[in-house]
Structure formats: structure tokens, C-alpha cells
Amino acid sequence: MDPSIKNSWDLRQEIIRLKGLEEEKSIALKARFSSPVAIFSTLYSLFPKTNHNGEDRSNIFNQDFVSIISRFLIPLTLNKTLFKNSGFLVKALVGLVSQKASGYVNEDSVVGLWDKAKSLFTNLTKKKDTAHDNYPYSI
């Protein structure tokens, strides 16, 4: 909605229109912050309402601690190690892609990966013990 300004009369009319718009918005802003209750309701409206079902993990406030940490740690680590001497565009692209990928990293996936690694090491130690038990005189 850009009005075409061709002469000084159009410019004056646009200035008057913008001053009126500024007045309307300042009145609305004063009404929104008129009391402490209004301020708290405004701040509360900034945070989205959640359904606490655990299905919507796209919002940063609905994520668990591991997801929030990975959202900042993955881009920082990649940009400081693998893409150390890269340009601004590459680092920005890595940051965007890794933040989207960090949405898949949550507490359940980390715990599952930890359990798999732990079971792998316990199975290896059990195999060593069973080989020694089956063949006690072997070297």
C-alpha cells in the first residue's frame, strides 16, 4: 500500500495520514499497557498455548533439556570445528540446517543411543567371560 506521491500536496496529505495512524497506534499501545494486569497478559500472550501431549516439538518451549542444548550446541560445534575457515554464508547455512536437524535430537533418542552403546560393551565383556569359562586352560 504505497501511495504514489507526485507533488507537494500529495506529500502533505500522506504526512497527515501517517500522523493520524501514529496517533491511533499510540492510543492502542497505551491501552494495552495501561495496568500491571494488562502488561502481564501481554507478556503471557507472547508464549504459545501448549497442549502438553508431547506431540508438538517444533516450539522451543515444548522441548526437553537435551533438545534445547542440542539446538545451540550442534551449530556451534560444527562451525568451530569442521567449518572453521568457511565464509559467512556457509556458516549461516550450517546453522540453519543443524538447528532443523537438532529437532530430531531429544532425550529419548539420546537415552536410546546410550542404552545401545552400553549393551554393546556389556555384551563384549560377557563374551570374554564366557570364552574364559568354556576354555579354562586356553591362553
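1. Glu14 is buried in this predicted model, with a relative accessible area of 13%. The cut-off for burial is under 20%, so a value of 13% places Glu14 in the buried class. The residue is found in helix H1. Leaving aside residues up to four places away in sequence, Glu14 touches Pro3 and Ile5.

2. Which residue meets the side chain of Glu14 in a salt bridge? The partner is Arg17, at a distance of 2.7 Å from N to O. Side chains of opposite charge can pair when their charged atoms come close. Both Glu14 and Arg17 belong to helix H1, which covers residues 8–32. They are three residues apart, or about one turn of the helix. The two ends of the pair can be set side by side: Glu14 is buried at 13%, whereas Arg17 counts as partly exposed at 35% relative accessibility. The count for the model comes to one salt bridge.

3. The protein chain contains five helices and zero strands. Read along the sequence, its pattern is α-α-α-α-α. Of the 139 residues in the chain, 12% are buried. Glu14 is one of the buried residues. The chain exposes about 12300 Å², and carbon and sulfur atoms supply 65% of that area. As for contacts between residues at least 6 apart in sequence, 35% join residues at least 24 apart.

4. Helix H4 deserves a separate comment. It runs over residues 88–101, and at 1.5 Å a residue its 14 residues should span 20 Å. The end C-alpha atoms of H4 lie 20 Å apart, so the expected and modelled spans agree.

5. Where do the buried residues of H4 fall when the helix is seen down its axis? The residues concerned are Val94, Gly95 and Ser98. They fall within an arc of 105°, and therefore line one face of the helix. These buried residues pack against helix H3, residues 65–80. On the other side of H4, the exposed residues are Leu89, Leu93, Leu96, Val97 and Lys100. The exposed side thus named includes leucine and valine residues as well as a lysine.

6. Lys100 may be considered further. This residue lies in helix H4 and is exposed, with a relative accessible area of 68%. The threshold for exposure is over 50%, so Lys100 at 68% belongs to the exposed class. Lys100 and Arg71 are 29 residues apart in sequence, yet their C-alpha atoms are 8.1 Å apart in space.

7. Which residues make the nonpolar surface patch of about 410 Å²? They are Phe65, Ile69, Leu73 and Leu76. Within this group, Ile69 lies in helix H3, the helix against which the buried residues of H4 pack. Ile69 is partly exposed, with a relative accessible area of 38%. Residues enter a patch at over 30% relative accessible area, so Ile69 at 38% satisfies that requirement while remaining in the partly exposed class.

8. In summary, the points to check against the model are the Glu14 and Arg17 salt bridge in helix H1, the buried face of H4 formed by Val94, Gly95 and Ser98, and the nonpolar patch that includes Ile69.

Key. Residues are numbered from 1 along each chain as its sequence is written. This is a predicted model: local features need pLDDT of at least 70, side-chain atom pairs count only at pLDDT 80 or more; totals for chains, interfaces and linings use all residues. Side-chain values use heavy atoms; hydrogens and water are left out. Helices (H or I, at least four residues) and strands (E, at least two) are DSSP runs, numbered from the N terminus. Buried means under 20% relative accessible area, exposed over 50%, partly exposed in between (1.4 Å probe, protein chains only). Contact means heavy atoms within 4.5 Å. Accessible areas come from the Shrake-Rupley method with a 1.4 Å probe; for residues, only the protein chains shown count as cover. The expected span of a helix is 1.5 Å times one less than its number of residues. The arc is that of the directions from the helix axis to the C-beta atoms. A salt bridge is a side-chain nitrogen of Lys or Arg within 4 Å of a carboxyl oxygen of Asp or Glu. Patches are made of residues with over 30% relative accessible area and no salt bridge: like charges are joined within 9 Å, nonpolar side chains (Val, Leu, Ile, Met, Phe, Trp, Tyr) within 5 Å.
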